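Got the viewer open? Here's a walk through it, one selection at a time.

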Amino acid sequence: MREPMPIRVKVLYFGQAREAAGTKEEEFSLPSASSVRALLTRSAEAHHELRGMHGAMRVALNEEIAGEGDRLSDGDVVAFLPPVAGG
Amino acid sequence: MPARREARLTRDVIDPSEVLRSVANPGSGAVVLFLGTVRDNSKAGSVERIEYEAYEPMAEKRLAEAEREVKRRWPTISGVKIVHRVGGLAVGDVSVAVAVSSPHRAEAFEACRHAIETIKRDVPIWKREKLGDGSEVWVEGVPVGSGARADSRRRAKKGARPASP
């Protein structure tokens with residue numbers, strides 16, 4: 001079976017997640033059609049400090065709230081959103 | 001009326017009279033203006049400054065959506081305008097302004113209240129307080145989209161529960 005082409009996904013970190021990751025953005029290379037969940041796992045492997053924040057964190061895929069099972073495509077932008085406090 | 005393309009996030013000082021002008025309408029008998037301001041104290045202690053951070057393109061979309069939702073729920077409303085500030089603010093600075101104009105006062109109060117509550121739970125904005133003792137703390141927030149409306153819309157659209165890693 002042919003190896004599927006990997007995809008590149010940009011991850012943006014905000015607020016406490018930015019501090020925990022130690023960066024505002026980075027890119028991950030993943031197998032084609034990986035899920036949001038797979039990306040979260042990869043990110044938490046790279047930044048152990050993120051693991052403790054996971055409960056209340058939400059994820060946006062191309063600026064819309066995403067589910068863990070949503071599939072990623074090449075060039076997608078995924079943002080890690082800790083609990084929000086506007087106003 | 002075509003949707004205005006002007007930004008709802010700003011790094012500049014918010015001028016309430018400008019916000020009021022943007023909802024002015026000769027058919028309106030009521031205008032309600034809400035201003036959120038930086039308080040000098042919080043659960044964490046005395047506050048000197050607050051740094052606001054936003055996921056700007058998404059926050060712009062959600063603020064515009066909050067305005068549209070108010071117009072859908074209160075169709076008699078003549079104007080609604082939201083402006084939210086980002087960057088470093090001092091005590092007393094205006095962090096957010098919501099203005100609503102309508103023929104009568106009741107729906108203007110209700111819609112304005114609804115809009116600010118939506119902003120607090122639906123828009124990707126974070127704030128970090130600089131305290132009097134020199135320390136800094138992130139203000140405890142709520143999971144984005146935790147309101148009932150956002151949840152039902154998301155389920156209807158995606159058929160998926162929100163990602164919580």
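Start with B:Leu9: its bridge partner in β5(B) is B:His84. This is a predicted model, where local features need pLDDT of at least 70, side-chain atom pairs count only at pLDDT 80 or more, and totals for chains, interfaces and linings use all residues. Residues are numbered from 1 along each chain as its sequence is written, while chains are lettered from A and ligands numbered from 1 in the order in which they are written.

Now show both strands in full. β1(B) and β5(B) pair in the parallel sense over two bridges; two strands pair if DSSP finds at least two bridges between them. Helices (H or I, at least four residues) and strands (E, at least two) are DSSP runs, numbered from the N terminus.

Next, add β7(B), which runs antiparallel to β5(B) with six bridges. Pick out B:Ile82 and you'll find B:Val98 of β7(B) opposite. Then bring in β2(B), paired with β7(B) in the antiparallel sense over eight bridges. Over here, B:Val32 faces B:Val100 in β7(B).

What order do the strands take in this open sheet? It goes β1-β5-β7-β2 (chain B), four strands with mixed pairing. β1 (9-10) and β2 (30-37) of chain B are at the edges with a single partner strand each, so one side of each has no neighbour in the sheet.

Stay with β5(B) and colour by burial (buried: 20 or more other C-beta atoms within 10 Å of the residue's own; exposed: 12 or fewer; partly exposed in between; C-beta atoms placed from the backbone). Seven of the seven residues of β5(B) are buried, so the strand is largely enclosed by the rest of the structure. B:Gly79, B:Lys81, B:Val83 and B:Arg85 are buried on one side, and B:Val80, B:Ile82 and B:His84 on the other.

What lies across these strands? Select α1 (residues 16-23) of chain B, which lies across β2, β5 (79-85) and β7 of chain B, at about 25 degrees to β7(B). Axes here are lines fitted to C-alpha atoms, for helices over the stretch in contact, and angles run from 0 to 180 degrees between N-to-C directions. Then try α2(B): it lies across β1, β5 and β7 of chain B, at about 155 degrees to β5(B).

Zoom out to chain B as a whole. You should find four helices and nine strands, and 32% of its 165 residues are buried.

On to the interface: 34 residues of chain B are in contact with 29 residues of chain A, contact meaning C-beta atoms, placed from the backbone, within 7 Å. On the chain B side, α3(B) gives the largest share, four residues. Nonpolar residues number 19 on that side, with six polar and nine charged. (Nonpolar covers Ala, Val, Leu, Ile, Met, Phe, Trp, Tyr, Cys and Pro; charged covers Asp, Glu, Lys and Arg; the others, Gly among them, are polar.) The model scores ipTM 0.93 and pTM 0.88.

Last stop: colour by pLDDT, the predictor's confidence in each residue, from 0 to 100. Chain B averages 89, with 85% of residues at 70 or above. Where does chain B stay under 50? Select residues 148-161, for which the model has 11 contacts beyond four places in sequence. Where pLDDT is low, the predicted coordinates should not be read in detail.

Key
Contact = placed C-beta atoms within 7 Å.
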